[in-house]
Amino acid sequence: MKSNNAKEIVFALKNLLKKNKVEIIYKANVKKFIKKENEIIAVKLENKKIFRGKYFVLATGGASYPRTGSTGDGYKLAKDLGHEIISIRPSLVPFEIKEQKKIEILNGLILKNVKLKVLVNNKKELEKFGEMQFYKWGISGAIVLNLSRKIVDFLNGKKKIKISIDLKPALSDEKLTNRLIREFKKFPNLSIEKILRKLIPEKLIKICLQETKISFSKNVKIISNNEKIKIVKFLKNFSLEITKDRGFSEAIITAGGISTKEIYKNNLQSKILKNLFFTGEVIDVDADTGGYNLQWAFSSSYLVAEKLMNNEEMKNF
Ligand SMILES: Cc1cc2nc3c(=O)[nH]c(=O)nc-3n(C[C@H](O)[C@H](O)[C@H](O)COP(=O)(O)OP(=O)(O)OC[C@H]3O[C@@H](n4cnc5c(N)ncnc54)[C@H](O)[C@@H]3O)c2cc1C
């Protein structure tokens, strides 16, 4: 059934579990694995209850959006069992911007079909084409999120991060200048503000004219060549500085996690404890936006379940 509603998926999955007589225990926060030699024999809950089992699957998710239940517990549990944890960082995460006054003006603006360049210590390192969005504290949107993993690493390396937004990526500087001249000739009695309305959203006009120091009402007939150059420069290179990421509380995914080197790739079994398996975000696997992270959670869980059902789990030991 197609409903486009996430609740329907939860409903369907719960029904499947019920049909297969799987018991769900809610509010059962696992605090510790109890092991004997190289096997786990039980889990101990926060309320001190102990559950024994034959196999254990660690599927506790990452550390992002902790209000959804994934508080990063899995990393500690795996570390206590001797697994290496690759340092965790927020990813698919928005950023705060230094130029607070500009950002407040731009709050709510969505830019489509722009090119975003990331400059690290003034050298271009990354670029992406697509959609981005402004909030009162900074920037987000698909291209920002998809570049965020690398930007977070640059920020952690104490690098100075600037972004440059090309608002007209389909036009070269020369073509954009010619377009402006054409518009000026076609509408010689209009103000620069009115002409810019044909090119960029209103919120950006304010910033463009502030940065270029041109008056809103200035008639295009008296716009100088130097001013034209400044306008084109703004349209091709609107620059802002990133100060920090918005942290795990707003990161869609966690980068880092349980090292893949210590997990068998054929069935995601621990190389350290033979009846322990891992699935989903708790592993050091993260992807771009677009459904790839959910796909990884579903596919890795399917793989482990299938192998356990077919008793293929011990082949690695
Ligand atoms: C706001 C938001 C939007 C997202 N949108 C997308 C999207 O559009 N597409 C996409 O692909 N991905 C998206 N993601 C990412 C995706 O949801 C996750 O990557 C995916 O859910 C990870 O699945 P998981 O099963 O590994 O962990 P989770 O879904 O996080 O599940 C982990 C579970 O383990 C439980 N748990 C944690 N610790 C313990 C413990 N100690 N004891 C017992 N239980 C515990 C948690 O309560 C939770 O129920 C989004 C994430 C967020 C936060």
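## Exercises on a predicted three-domain chain

Leaving out neighbours within four places in sequence, Leu58 is in contact with Gly74, Leu77, Ala78, Leu276, Phe278 and Val282; contact here puts C-beta atoms, placed from the backbone, within 7 Å of each other. Before we go on: this is a predicted model, where local features need pLDDT of at least 70, side-chain atom pairs count only at pLDDT 80 or more, and totals for chains, interfaces and linings use all residues. Residues are numbered from 1 along each chain as its sequence is written.

**Exercise 1. Find the largest nonpolar core and the helix that gives the largest share of it.**

Step 1: know what to look for. A nonpolar core is a set of buried Ala, Val, Leu, Ile, Met, Phe, Trp, Tyr and Cys residues joined through C-beta atoms within 7 Å. Buried means 20 or more other C-beta atoms within 10 Å of a residue's own, with C-beta atoms placed from the backbone.

Step 2: look at the core. It has 62 residues, and Leu58, Leu116, Val144, Ile151 and Phe278 have the most contacts inside it.

Step 3: pick the helix. That's α4 (residues 142–156), with six residues. Helices are DSSP runs of H or I, at least four residues, and strands are runs of E, at least two, numbered from the N terminus.

**Exercise 2. Work out whether the chain is compact or spread out.**

Step 1: count the elements, which gives nine helices and 13 strands.

Step 2: compare radii. The radius of gyration is 26 Å, well over the 20 Å from the globule rule for 317 residues, so the chain is more spread out than a compact globule. The radius is taken over C-alpha atoms, and the rule is 2.2 Å times the number of residues to the power 0.38.

Step 3: check the spans. Along its principal axes, the C-alpha trace covers about 85 × 45 × 35 Å.

Step 4: add burial. Buried residues are 30% of the 317.

**Exercise 3. Describe how domain 2 meets domain 3.**

Step 1: get the bounds, which come from an automatic or database domain assignment. Domain 1 is 6–89 + 255–309, domain 2 is 95–168 + 240–249, and domain 3 is 173–238.

Step 2: take the centres of domains 2 and 3 over C-alpha atoms; they lie 24 Å apart.

Step 3: list both sides. Domain 2 puts nine residues into the contact and domain 3 puts in 10 residues. On the domain 2 side, α3 (100–106) and β10 (161–166) each supply at least two residues.

Conventions: A residue is buried if 20 or more other C-beta atoms lie within 10 Å of its own, exposed if 12 or fewer, and partly exposed in between; C-beta atoms are placed from the backbone. Two residues are in contact if their C-beta atoms, placed from the backbone, lie within 7 Å.
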